[in-house]
Amino acid sequence: MNSEIYERIYKRTVLLQDGCIITTWKKTQRGGHTEVHIGHKQHRAHRLVWRIFNGPIPDGKQVNHLCHNPKCVNSNHLYLGTQQDNINDMILRGTFAWRNLNHTKERDPHYLGSRGLDRQIESLE
C-alpha cells in the first residue's frame with residue numbers, strides 16, 4: 001500500500017534547484033499544502049510522505065517543512081515539531097507571514113499558481 005501511495009504522490013512532482021520536490025497537483029488546502037485523495041479521505045501529501053519514510057506522527061506533533069515550501073514532499077525537507085517550533089523557525093528565517101484579513105494567496109511567496117509553476121519549471125530546462 002505504501003508503495004502505491006508513494007508512486008501516486010511522486011508521479012506528479014517537479015524537482016526544483018533548491019532540492020524541493022513539489023507536487024503539481026491542483027488540489028491544495030489553505031496555506032498551499034497538497035491534498036491527496038486516498039480511499040474516502042483527503043490527506044496532506046507531506047504528512048503521507050513522512051509516514052512512508054518515518055512511521056506514525058506522534059500525538060502533539062506535526063510535520064513541518066525545513067524549506068518552508070508547503071508543496072514540498074522531499075522527505076529530507078520534513079521534520080517533526082510543534083506548531084510553536086514551526087512559528088519560531090519561520091520567524092528566525094524571516095519567512096513568517098504576518099498576515100491580516102486582507103491576505104491573498106498571491107501574496108504568499110510559496111503560492112505558485114499555474115503561471116508561477118510554469119516559470120519555475122521553465123527555469124529548470
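Mentor: A residue is called buried when its relative accessible area is under 20%, and exposed when that area is over 50%; anything in between is partly exposed. The model discussed here is predicted.

Trainee: Which residues of helix 2 are buried?

Mentor: Helix 2 spans residues 45–54. The cut-off for a buried residue is a relative accessible area under 20%. By this criterion, the buried residues of helix 2 are Ala45, His46, Leu48, Val49 and Trp50.

Trainee: Against which elements do the buried residues of helix 2 pack?

Mentor: The protein has four helices and six strands. From the N terminus on, these elements follow the order α-β-β-β-β-α-β-β-α-α. The partners of the buried residues of helix 2 are helix 1, strand 2 (21–23), strand 3, strand 4 (41–44), strand 5 and strand 6.

Trainee: At what angle do helix 1 and helix 2 pack, and how is helix 1 placed relative to helix 2?

Mentor: Two packed helices are described by the angle between their axes and the distance between the axes. For helix 1 (residues 2–10) and helix 2, the axes are 10 Å apart and the angle is about 140°. An angle over 145 degrees would count as roughly antiparallel, and one of 65 to 115 degrees as roughly perpendicular. An angle of about 140° therefore makes helix 1, relative to helix 2, oblique.

Trainee: Is the crossing of helix 1 and helix 2 left-handed or right-handed?

Mentor: The handedness describes which way the near helix is turned from the far one. For helix 1 and helix 2, the crossing is left-handed.

Trainee: How many residues of the contact of helix 1 with helix 2 are nonpolar?

Mentor: Helix 1 contributes Asn2, Ile5, Tyr6, Ile9 and Tyr10 to the contact, while helix 2 contributes Ala45, Leu48, Val49, Ile52 and Phe53. One residue of this contact is polar and none is charged. The number of nonpolar residues is nine.

Trainee: Which element gives the most residues to the largest nonpolar core?

Mentor: In soluble globular proteins, nonpolar side chains tend to be buried together. Here the largest nonpolar core has 15 residues, and those with the most contacts inside it are Ile9, Tyr10, Val36, Leu48, Val49 and Val73. Helix 1, strand 3 (35–38) and helix 2 each give two or more residues to this core. With four residues, the element that gives the most is helix 2.

Trainee: How many residues does the second, separate core have?

Mentor: This second core is separate and includes Val14, Leu16, Ile22 and Cys72. Its number of residues is six.

Trainee: Why does Val49 count as buried, and what is its relative accessibility?

Mentor: Val49 lies in helix 2. Leaving aside neighbours within four places in sequence, Val49 is in contact with Ile9, Tyr10, Val73, Ser75 and Leu78. Val49 and Tyr10 are 39 residues apart in sequence, yet 9.6 Å apart in space, C-alpha to C-alpha. Val49 counts as buried because the cut-off is under 20% and its relative accessibility is 1%.

Trainee: Is Phe53 buried, partly exposed or exposed?

Mentor: Phe53 also lies in helix 2. Not counting residues up to four places away in sequence, Phe53 touches Tyr6, Tyr10 and Ser75. Its C-alpha is 9.4 Å from that of Asn2, although the two are 51 residues apart in sequence. With a relative accessible area of 42%, Phe53 is partly exposed.

Trainee: What is the relative accessibility of Asn64, and why does Asn64 count as buried?

Mentor: Asn64 lies in strand 5. Leaving out residues up to four places away in sequence, Asn64 touches His77, Leu78, Tyr79, Gly81, Thr82, Asp85 and Asn86. Asn64 counts as buried because its value falls under 20%, the relative accessibility being 1%.

Trainee: Which residue has a positive phi although it is not a glycine?

Mentor: Gly55, just after helix 2, takes a positive phi of about 95°, but this residue is a glycine. The residue in question is in the loop between strand 5 (62–65) and strand 6 (78–81), and it counts as buried at 8% relative accessibility. With a phi of about 60°, the residue is His68.

Trainee: What percentage of the residues of the protein count as buried?

Mentor: The protein has 125 residues. With the cut-off for buried set under 20% relative accessible area, the share that counts as buried is 37%.

Conventions
Residues are numbered from 1 along each chain as its sequence is written. This is a predicted model: local features need pLDDT of at least 70, side-chain atom pairs count only at pLDDT 80 or more; totals for chains, interfaces and linings use all residues. Side-chain values use heavy atoms; hydrogens and water are left out. Axes are lines fitted to C-alpha atoms, for helices over the stretch in contact, and angles run from 0 to 180 degrees between N-to-C directions. Angles under 35 degrees count as roughly parallel, over 145 as roughly antiparallel, 65 to 115 as roughly perpendicular and the rest as oblique. Contact means heavy atoms within 4.5 Å. Ala, Val, Leu, Ile, Met, Phe, Trp, Tyr, Cys and Pro count as nonpolar, Asp, Glu, Lys and Arg as charged, and the others, Gly among them, as polar. A nonpolar core is a set of buried Ala, Val, Leu, Ile, Met, Phe, Trp, Tyr and Cys residues joined through side-chain atoms within 4.5 Å. Buried means under 20% relative accessible area, exposed over 50%, partly exposed in between (1.4 Å probe, protein chains only).
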